[in-house]
Amino acid sequence: MKSFAFLSLLASLPVLTLAVSIVEPAVAKPVKRDWPDLDAFLTEVAELFSDITTDDFSDALTNGEAALATLFDIQTTQNLGSGCDDVTVLFARGTFEPGNVGALVGPEFFDALSSMLGSSKSLGIQGVDYPASIEGTNEGDVTEGETMARNITSILSSCPSTQLVLSGYSQGAALVHNAAVDVGSLMSSVAAVVTFGDPDSSTPVAGINPSKVLIICHVGDVVCSGYPVITPQHLTYAVNADEAASFVISQLS
Ligand SMILES: *[C@@H]1O[C@H](CO)[C@@H](O)[C@H](O)[C@H]1NC(C)=O
């Protein structure tokens, strides 16, 4: 069992955006957020996950993320209120992540989006309620895609004028792909799609113009090639929170 040289890898983290579209962010200069402090966050990620092994990452991920959530006061469960918001993000977390949105990627993305929207539009977040277990990385994500699809249908029917954003990380990204197939033509009502560390990165998201889709994959993240192996590059998508939020902003009307 070998631990990763995490910090040195982070220092020279190459980032590749496998996408899909020419991104012209409406917000040229993302507003600087004070929470979470990205450097502090990534330092903590590096420490908490420094001894993660490819053989056993379940406990390491769950415990590490629970620690992160406590340290940075991250809300890992997000449920829409009763009202309809101008913008709704439906997010599927990665395998073994706590709550319904996890701690590694979703909350940082929501925070960036919320900062960029400011008071111009209200934002609602809903996590997909699914097990995020290792079994799902084989076949379960197809079944759980149906769970996400039901949420898409229900959000669009109860809030027809909300601008719906679909997003997912790791196994949650696979849910996005599967849910898109399930809801079929309803995808034309979706404003934007953003996936992180996407095992189906080479497959277009069904039913939606590719210009509305951003798939973010780091060089060295083999999950993006469909291998269920966790490398440090799979754990650092918080660095792309501003990029993802800018893309969403560019797709809103
Ligand atoms: C999403 O689906 C879950 C069940 O999987 C349900 O509890 C939740 O209320 C749904 N949320 C919305 C906004 O449709």
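**View 1. Contacts of Leu-90 in the predicted model.** Leaving aside residues up to four places away in sequence, Leu-90 touches Gln-126, Val-128, Met-148, Asn-151, Ile-152, Ile-155, Leu-164 and Leu-166, a contact being two C-beta atoms, placed from the backbone, within 7 Å. This is a predicted model, in which local features need pLDDT of at least 70 and side-chain atom pairs count only at pLDDT 80 or more, while totals for chains, interfaces and linings use all residues. Residues are numbered from 1 along each chain as its sequence is written.

**View 2. The largest nonpolar core.** This core has 69 residues, and Leu-90, Val-176, Ala-244, Ala-245 and Val-248 are those with the most contacts inside it; helix 6 supplies its largest share, seven residues. A nonpolar core is a set of buried Ala, Val, Leu, Ile, Met, Phe, Trp, Tyr and Cys residues joined through C-beta atoms within 7 Å.

**View 3. Helix 6 and the residue after it.** Helix 6 (residues 171–183; helices are DSSP runs of H or I, at least four residues, numbered from the N terminus) reaches 19 Å from its first C-alpha to its last, close to the 18 Å expected at 1.5 Å a residue, that is, 1.5 Å times one less than its number of residues. Because twelve of its 13 residues are buried, helix 6 is largely enclosed by the rest of the structure; buried means that 20 or more other C-beta atoms, placed from the backbone, lie within 10 Å of a residue's own. Among the buried residues are His-177, Asn-178 and Asp-182. Just after helix 6, Gly-184 takes a positive phi of about 55 degrees.

Conventions:
Helix = DSSP H or I, 4+ residues; strand = E, 2+ residues; numbered from the N terminus.
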